[in-house]
Structures are given as structure tokens and as C-alpha cells.
Amino acid sequence: MSEPAAGAELDRWNRRFSAQEYVFGIEPNAFLASQKPLLARGMRALCVADGEGRNSVWLAAQGLEVTAFDFSPVGLAKATKLAERSGAKVDYRLADVDKWNWDAAPYDVVIAIFVQFTPPAERARMFQGMVRALKPGGVLILQGYGPEQLRYGTGGPKQLENLYTETLLRESFASLEILHLAAHEGEVHEGAGHNGMAALIDLVARKPTRNLR
């Protein structure tokens with residue numbers, strides 16, 4: 001993404017997050033919450049492009065040690081307020097996905113929920129980074145929108161190339177053990193930002209403990 005384009009994208013998200021209400025609500029993403037059996041107290045978690053903090057706050061409430069980052073200072077300010085109000089401890093960082101140091105620390109779980117503002121080249125670097133950030137045996141939890149979401153228009157990007165397919169995710173995370181990968185339709189009610197019937201795609205994948213690529 002070029003610098004002017006990146007600046008325009010940041011301005012767009014800052015304006016969006018400046019609304020008084022939480023654009024995507026304050027409850028965790030339903031798919032993430034459904035993966036609670038994979039989570040345990042004391043695990044180190046990384047929330048990618050966490051926005052206003054709903055997912056990081058929920059993870060911290062489950063007893064995980066959570067680091068979360070987003071490129072919008074307005075979104076991070078709201079996330080910090082939500083964490084304080086909830087009594088959750090989260091290490092919030094201001095960073096762009098293309099500048100985040102994926103090799104700084106190993107995590108037991110990496111969470112990427114609707115992180116679909118990235119064009120293909122940047123997305124490939126992000127996906128590679130998320131794999132590197134996982135400890136051996138660590139788990140990636142990801143949910144996004146599929147191409148049919150353009151027909152629904154109930155959230156997500158407007159660019160077809162930013163949407164996910166099963167083939168894209170299987171190829172992008174070929175070095176991981178796929179535990180669950182499914183494209184499906186379902187209702188999403190996450191604030192005004194994600195509201196209504198949607199074309200979803202879910203992924204849970206584990207980093208092997210040996211023979212890593």
C-alpha cells in the first residue's frame with residue numbers, strides 16, 4: 001500500500017472509530033468465543049488489528065496475557081477505555097500490520113478477526129508474519145468474509161481481492177496443521193459495523209512442533 005493510500009485508510013478508520021458508540025460492539029466475535037476450549041489461563045495471545053478492543057478484552061477476561069495492536073490511535077483509545085471499564089489488562093500497541101515486528105515474541109495463540117483492509121501483497125506478508133509469531137504448537141484463530149459478502153453488503157471490504165477463499169487460506173497457511181476451515185453463511189450482529197446475513201470463512205490452524213517450514 002502506498003504512503004498516500006495508507007494515510008487515507010488511517011484517516012478513514014480514525015473517523016469511523018470517532019463515533020461515540022463502539023462500531024463493532026463490545027462483545028467478542030462469536031467465532032472467537034466458540035474457540036474457548038482451545039484457550040487456557042496464562043497463554044500469551046496476540047490480537048492483530050484489534051480495533052476498539054472487544055476481542056482483546058474478552059481474551060484477557062479468560063486469563064490470557066494479551067498483546068493487541070492497531071494502526072488507529074482513536075481505536076486504541078477506545079480499546080483502552082473498554083479494558084479499564086472491564087478491569088482487563090491488555091498491552092496495547094500502536095502499529096500498522098506491515099510494520100509490526102512479528103518476530104519480537106512467540107505467542108500461544110494469534111487472533112485475526114475481519115482483518116481485511118490489506119491488499120494481497122501486504123496480506124501475504126501479514127499471513128507469513130502471523131505464522132512466525134506462533135510458538136511451535138501455537139494456534140491461529142481467524143475469521144473473515146468470503147467473496148459472496150459483496151452481495152450481502154453487511155460489513156467488510158468492498159474490494160473482491162481483499163476477501164478470503166478456502167483455497168487462499170489453505171495455501172497461505174500450508175505450513176500449519178488445519179484443524180478447521182469452513183466457508184458458510186450466517187447472521188453476524190457486531191454493532192453497526194457488522195450486522196446481518198454474511199458470507200463467512202473460519203480458520204483454526206496449529207503450528208507443528210517439528211519439521212517447520
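**A seven-strand sheet and the helices on it**

Strand β4 (residues 107–113) and strand β5 (residues 134–145) run parallel and are joined by six bridges. Strands here are DSSP runs of E with at least two residues, helices are runs of H or I with at least four residues, and both are numbered from the N terminus. The structure is a predicted model, in which local features need pLDDT of at least 70 and side-chain atom pairs count only at pLDDT 80 or more, while totals for chains, interfaces and linings use all residues. Residues are numbered from 1 along each chain as its sequence is written, and side-chain values use heavy atoms, with hydrogens and water left out.

Within the pair of β4 and β5, Y107 has L134 in β5 as its bridge partner. Both strands belong to an open sheet of seven strands, in the order β3-β2-β1-β4-β5-β7-β6, with mixed pairing; two strands pair if DSSP finds at least two bridges between them. Because β3 (90–94) and β6 (177–190) stand at the edges with a single partner strand each, one side of each has no neighbour in the sheet. On average, neighbouring strands of this sheet are turned by 15 degrees against each other, direction ignored. Such angles run from 0 to 180 degrees between N-to-C directions, with axes fitted to C-alpha atoms, for helices over the stretch in contact.

Elsewhere in the sheet, β1 and β2 run parallel and are joined by four bridges. C47 stands opposite A68 in β2. Five of the six residues of β2 are buried, so the strand is mostly covered; buried means under 20% relative accessible area, exposed over 50%, and partly exposed in between, with a 1.4 Å probe and protein chains only.

Two helices pack on the sheet. Helix α5 (residues 120–133) touches β1, β4 and β5, and its direction makes about 145 degrees with that of β5. Contact means heavy atoms within 4.5 Å. Helix α3 is mostly covered, with seven of its eight residues buried; among them are R54, N55 and W58. After α3 comes G63, with a positive phi near 95 degrees.

R123 is placed in helix α5. R123 is buried yet has no salt bridge, and the nearest side chain of opposite charge, E161, is 8.0 Å away. A salt bridge is a side-chain nitrogen of Lys or Arg within 4 Å of a carboxyl oxygen of Asp or Glu. The backbone oxygen of E161, however, lies 2.7 Å from a polar atom of the R123 side chain. Not counting residues up to four places away in sequence, R123 touches T118, E161, N162, L163, Y164 and L168.

Technical notes:
Lys and Arg count as positive and Asp and Glu as negative; His and the chain ends are not counted. A polar contact is a pair of N or O atoms within 3.5 Å; within protein, one must be able to donate a hydrogen and the other to accept it, and residues adjacent in sequence count only if both atoms are side-chain atoms.
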